[in-house]
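Colleague: I am new to this structure. Could you walk me through it and explain how each label is earned?

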Amino acid sequence: MSVNLQTPIDYLKGVGPNRADLLRKELGIHTYQDLINLFPNRYIDRTQYYKINQLQRNNSDVQIIGKITSFKEVAQKRGKRLVGTFQDDTGTMELVWFRGQKWIRESLKLNKTYVAFGKVNWFGGKFNIAHPELELQEDHEKNLRSVMQPVYPSTEKLSNKGITNRVISKIIQQLFIETNGKFNETLSDNLRSELKLISKQSALFNVHFPKSQDLLSRAQFRLKFEELFYIQLQLILKNFIHKSKIKGFTFNQVGDYFNSFFKDYLPFELTNAQKRVLKEIRADLGSNAQMNRLLQGDVGSGKTIVAFMSILMALDNGFQACLMAPTEILSAQHYNGLLEWCNKLNISIKILTGSTKTSERRVIHESLENGELQILIGTHALLEHKVKFKNLGLAIIDEQHRFGVKQRSKLWQKNTLPPHVLVMTATPIPRTLAMSVYGDLDISIIDELPPGRKAIKTVHRYDKNRLNVFRFIRDEISKGRQIYIVYPLIQENEKMDYKDLMDGYESISRDFPMPKYQTSIVHGKMKPADKDYEMQRFIKGETQIMVATTVIEVGVNVPNASVMIIESAERFGLSQLHQLRGRVGRGAEQSYCILMTSHKLSANSKTRLETMVKTNDGFEIAEVDLKLRGPGDIMGTQQSGVLNLKIADIIRDSDVLQLARHHAKSILKIDPSLSLSENQVFLNTYKQLSKYKNIWNYIS
Ligand code: ADP
Ligand code: MG
């Protein structure tokens with residue numbers, strides 16, 4: 001008889017209502033299934049016994065054989081602690097209890113041989129273990145135990161309520177007893193023999209009660225593979241469904257606009273990466289499925305022209321297009337950049353932002369609805385109800401990390417058929433993560449910078465070297481260059497940050513006085529018109545220094561600016577630092593990025609700064625970022641279920657992920673509906689998973 005793994009955990013012997021409640025609240029364990037999938041964080045080698053004189057001050061978990069020779073109570077600030085002297089033939093140490101002291105004294109026997117187990121601390125000149133696990137040696141020897149002792153995830157509350165690691169181990173043991181250790185296989189025989197994967201049953205047993213190091217590794221591999229395999233299977237299936245169900249406009253022809261731009265107005269030779277990406281986009285637009293593509297490209301890699309040429313494909317087929325950017329400044333910059341090309345090609349283009357005047361708005365609304373207006377650029381103002389396109393064929397979203405999922409789907413609702421969507425981001429996401437997060441989006445990558453760029457030189461300087469930095473700025477300005485100085489602005493700290501910005505601005509104005517020097521300032525509290533005025537002055541080269549908060553972070557293009565100074569650089573995240581640095585190095589001159597910090601730096605900040613100094617490669621930086629922060633903070637991962645991984649680790653196990661993806665793909669390629677008999681096991685498991693887990697609320 002097989003036990004239903006959906007049985008509530010309360011029914012397991014040894015788990016009463018109280019424990020069940022704690023397991024639910026603290027570890028999210030509701031069913032037998034959840035418990036079997038509670039995988040150990042790590043393992044302790046319990047074949048080893050330590051002598052007291054072998055202990056090291058490294059806080060590791062050890063087991064020691066010895067006798068409790070005495071107890072004493074020691075008063076402390078609040079209450080008292082119970083201390084037992086523990087002795088073996090090499091020395092003594094202490095066992096300490098802060099709670100449950102009465103019970104401990106009654107249940108433990110003096111001068112009997114125990115095996116004590118726990119984390120060793122060094123305190124007051126002695127080693128101790130607080131709240132050790134203790135077992136009489138005679139019992140210890142009788143108990144069958146695995147070689148590698150699992151350590152399960154726990155919480156303070158659980159251990160306070162007596163649900164120790166040993167208790168968890170016990171109830172998992174009970175689960176194996178009740179189920180006879182029989183668990184349904186979830187991978188096909190073919191796949192298992194091809195990859196030499198051990199059975200589900202053996203994997204589960206060995207992950208909880210490993211018989212050897214080798215079996216443990218094989219168990220872990222099998223379970224990680226399975227976990228990632230089903231995520232990939234789901235993502236790829238969704239992609240199939242998406243492709244076959246959601247029809248899109250077919251852009252049949254490459255027409256006059258595109259060809260004439262390509263022949264007569266292309267300002268530079270496209271890089272190979274740009275050409276490749278354009279081909280990918282062209283193929284999507286020419287098929288009858290809706291495009292849903294993510295375009296990744298480092299700052300300065302030239303995404304704008306790819307966007308523009310894609311827009312031309314839409315226009316050539318009689319459709320309108322829009323380009324949405326997160327800030328007014330960036331929208332204006334896109335507008336001004338594209339306007340020049342549009343004028344040459346006789347294309348109508350307009351910009352719509354929060355500060356567009358009512359009269360102008362009316363004109364825009366009208367010409368959009370009757371189809372006269374071909375391209376609309378703007379901020380999220382594009383998403384307002386009144387903005388109605390006659391036939392929106394392509395929506396491009398720049399710097400997506402500023403836009404939420406909901407906002408994006410709003411653009412969709414404007415048509416009978418959804419427009420093709422191209423999302424551009426300069427925050428590179430490591431391929432492995434992108435694969436698991438965006439498995440249902442297609443991804444294009446511009447992995448090549450336009451030729452002739454000089455690598456930006458990045459240095460880290462402490463505040464006390466400011467005078468040298470100022471001297472450097474003066475030199476660069478005298479060569480005709482322009483300088484950015486950026487201050488952090490964190491919402492919780494807004495007041496202080498504005499003060500820093502203003503102080504910085506004043507000190508710059510003092511050291512770089514008018515009329516010889518002109519300094520602009522831009523920050524989020526300024527009126528859009530004033531911001532724009534200052535930006536324009538800088539863009540035109542009328543001011544040499546731009547003091548700003550991160551409002552300039554996204555997308556500003558001033559090729560003559562060659563120095564980026566980032567104040568309090570330790571307060572910025574890696575991807576933000578990289579974005580900011582990308583504002584320079586756009587012209588032919590050597591460019592510099594100077595990271596200013598105070599002396600006090602956390603280990604984490606140091607790593608970020610060192611990474612910036614070491615590399616200009618956005619993907620490398622993204623990998624480090626991911627390691628420092630974990631995938632949780634990276635856009636998109638919240639929805640993806642990547643966070644809910646039970647055993648695999650998206651970073652460490654990226655090779656398993658690739659393998660899983662490869663096999664999921666090739667299985668679905670031959671049998672997209674999983675109807676072959678050998679694939680029934682995948683279909684069934686997949687159905688089970690989607691029934692009990694609701695982690696698949698993907699973007700778009
Ligand atoms: P991003 O990908 O950061 O949006 P942009 O599209 O703003 O980058 O391009 C950065 C700069 O590089 C712009 O000044 C652009 O004109 C220039 N550029 C783009 N592609 C090329 C190319 N193939 N050759 C030379 N310059 C290019
Ligand atoms: Mg850009």
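Modeller: Gladly! One definition first: a helix here is a DSSP run of H or I with at least four residues, numbered from the N terminus. Keep in mind that the model is predicted. By that count, the protein has 25 helices and 21 strands.

Colleague: What follows helix α14?

Modeller: Glycine 371 sits just after α14 and takes a positive phi of about 90°.

Colleague: How do you know that the length of α14 agrees with what a helix should span?

Modeller: The 12 residues of α14, residues 358-369, should span 16 Å at 1.5 Å a residue; the end C-alpha atoms are 17 Å apart, which agrees. Within α14, the buried residues are Arg361, Ile364, His365, Ser367 and Leu368. Their cover includes the strands β10 (320-324), β11 (349-352) and β12 (375-378).

Colleague: Why is lysine 196 called exposed?

Modeller: Exposed means over 50% relative accessible area. Lysine 196 is at 65%, so it counts as exposed. This lysine 196 belongs to the loop between α7 (189-195) and α8 (200-208), and its phi is positive, about 55°, although it is not a glycine.

Colleague: And what makes asparagine 346 exposed?

Modeller: With a relative accessibility of 65%, asparagine 346 is over the 50% cut-off and therefore counts as exposed. You will find asparagine 346 in the loop between α13 (328-345) and β11. Its phi is positive too, near 65°, in a residue other than glycine.

Colleague: Let us turn to the sheet. Why are β17 and β19 called a pair?

Modeller: Two strands pair if there are at least two bridges between them. Four bridges join β17 (residues 482-486) to β19 (residues 545-548), so the condition is met. The two strands run parallel, and isoleucine 483 stands opposite isoleucine 545 in β19.

Colleague: What is the order of strands in the open sheet?

Modeller: The six strands are ordered β16-β21-β20-β17-β19-β18, with parallel pairing. What makes β16 (457-462) and β18 (519-522) edge strands is that each pairs on one side only. On average, neighbouring strands are turned by 20° against each other, direction ignored.

Colleague: Which helix lies across β17, β18 and β19?

Modeller: That is α18 (residues 494-511), running at about 175° to β18. In the loop between α18 and β18 you meet proline 515, which a cis peptide bond joins to methionine 514, with omega about 0°.

Colleague: Which strands does helix α21 lie across?

Modeller: Helix α21 (residues 603-614) lies across β16 and β21 (592-597), at about 145° to β16.

Colleague: How do you know that the buried residues of α21 line one face?

Modeller: Buried means under 20% relative accessible area, and in α21 that holds for Ser605, Arg608, Leu609, Thr611 and Met612. Seen down the axis of α21, these residues fall within an arc of 160°, so they line one face of the helix. The face of α21 turned away from that side carries the exposed Ala603, Glu610 and Lys614. Cover for the buried residues of α21 includes β16, α20 (574-581), β21 and α22 (618-629).

Colleague: And how much of the whole protein counts as buried?

Modeller: Of its 700 residues, 52% count as buried.

Notes:
Residues numbered from 1 in each chain as written. Chains lettered and ligands numbered in written order. Predicted model: local features only at pLDDT ≥ 70, side-chain atom pairs only at ≥ 80, totals over all residues. Heavy atoms only, no water. Axes fitted to C-alpha atoms, helices over the stretch in contact; angles between N-to-C directions. Contact = heavy atoms within 4.5 Å. Buried < 20%, exposed > 50% of the residue type's maximum accessible area, 1.4 Å probe, protein only. Arc of directions from axis to C-beta. Expected span 1.5 Å × (residues − 1).
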